[in-house]
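Thank you all for coming; I would like to take a few minutes to walk through one model with you. Please have a look at the sequence and the structure first, and then we can go through the details together.

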Amino acid sequence: FPVTIPVEMDLSGCSVRDTNIFHHFEFPLATSIPAGGYLVVAEDTAAFHAMYPNVQHVIGPLGFSLNNTSETIRILSHLGNPYQELTYETPQSSFPS
């Protein structure tokens, strides 16, 4: 989730969840998104760094994978309140079956 504000965003104690109630990742203490920057939460940090060696601000492991076709991802505050939500969908193939 990119930050569009000019200050650092502290995510300490916040969590990421998807639509499966058992999927939960808690940001460690002192985790933040740099001002105007980004933070990648990778399922496999070693594999991610191998594919994208120049990307900084990567943490993990996420502990679960996201659906390839559609998913709703939520960031919850340290109190469990919804902070941010993102839903994505991949387009259906336009080729006939």
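Arg17 stands opposite Arg74 in E7, and I begin with this pair because the strands E2 and E7 run antiparallel and are joined by 3 bridges. Please keep in mind throughout that what we are looking at is a predicted model. On its other pairing, E7 meets E8, again in the antiparallel sense, and here the pairing extends over 7 bridges; within it, Glu71 stands opposite Tyr88 in E8. The hairpin formed by E7 and E8 has 5 residues between the strands, and in that hairpin Gly80 takes a positive phi near 90°.

Is strand E7 largely enclosed by the rest of the structure, or largely open? Of the 7 residues in E7, which covers residues 70-76, 5 are buried, so the strand is largely enclosed by the rest of the structure.

Staying with E8 for a moment, Pro82 lies in this strand, which covers residues 82-89, and Pro82 is exposed, with a relative accessible area of 70%. If we leave aside its neighbours within four places in sequence, Pro82 is in contact with Ile75 and Leu76. Pro82 and Cys14 are 68 residues apart in sequence, while their C-alpha atoms are 9.8 Å apart in space.

Let me turn to the interior. The largest nonpolar core has 13 residues, and those with the most contacts inside it are Leu11, Val16, Phe25, Phe27 and Leu39. Val16, once neighbours within four places in sequence are left aside, is in contact with a set of residues that includes Phe25, Phe27, Phe64, Ile73 and Ile75, and also His23, His24 and Arg74.

How many aromatic pairs are there? The count comes to 2. In one of them, the rings of Phe25 and Phe27 have centres 5.4 Å apart and planes at 85°, and the pair is edge-to-face because an angle over 60 degrees is counted that way. Both Phe25 and Phe27 are buried. The rings of Phe48 and Tyr52 have their centres 4.9 Å apart with their planes at 40°, so this pair is tilted. Phe48 is buried, at a relative accessible area of 18%, whereas Tyr52 counts as partly exposed, at 41%.

Finally, I would like to show you two serines. Ser12 lies in the loop between strand E1 (9-10) and strand E2 (15-17), and at 18% relative accessibility Ser12 counts as buried. The side chain of Ser12 reaches the backbone nitrogen of Ala30 at 2.8 Å, and, leaving aside neighbours within four places in sequence, the contacts of Ser12 include Phe27, Pro28, Leu29, Ala30 and Thr31, as well as His78.

The other serine is Ser32, found in strand E4 (residues 32-33). Ser32 and Ser12 are 20 residues apart in sequence and 7.1 Å apart in space, C-alpha to C-alpha. Ser32 is partly exposed, with a relative accessible area of 22%. To which side chain does the side chain of Ser32 make a polar contact? The partner is the side chain of Glu8, at 3.2 Å. Not counting residues up to four places away in sequence, Ser32 touches Glu8, Met9, Asp10, Leu11 and Leu39, and of these, Leu11 and Leu39 are among the residues with the most contacts inside the largest nonpolar core.

How values were computed
Residues numbered from 1 in each chain as written. Predicted model: local features only at pLDDT ≥ 70, side-chain atom pairs only at ≥ 80, totals over all residues. Heavy atoms only, no water. Phe/Tyr/Trp six-rings, centres within 6.5 Å; stacked < 30°, edge-to-face > 60°. Buried < 20%, exposed > 50% of the residue type's maximum accessible area, 1.4 Å probe, protein only. Core = buried A, V, L, I, M, F, W, Y, C linked by side-chain atoms within 4.5 Å. Contact = heavy atoms within 4.5 Å. Helix = DSSP H or I, 4+ residues; strand = E, 2+ residues; numbered from the N terminus. Polar contact = N/O pair within 3.5 Å; in protein donor to acceptor, adjacent residues only side chain to side chain. Pairing = 2+ DSSP bridges.
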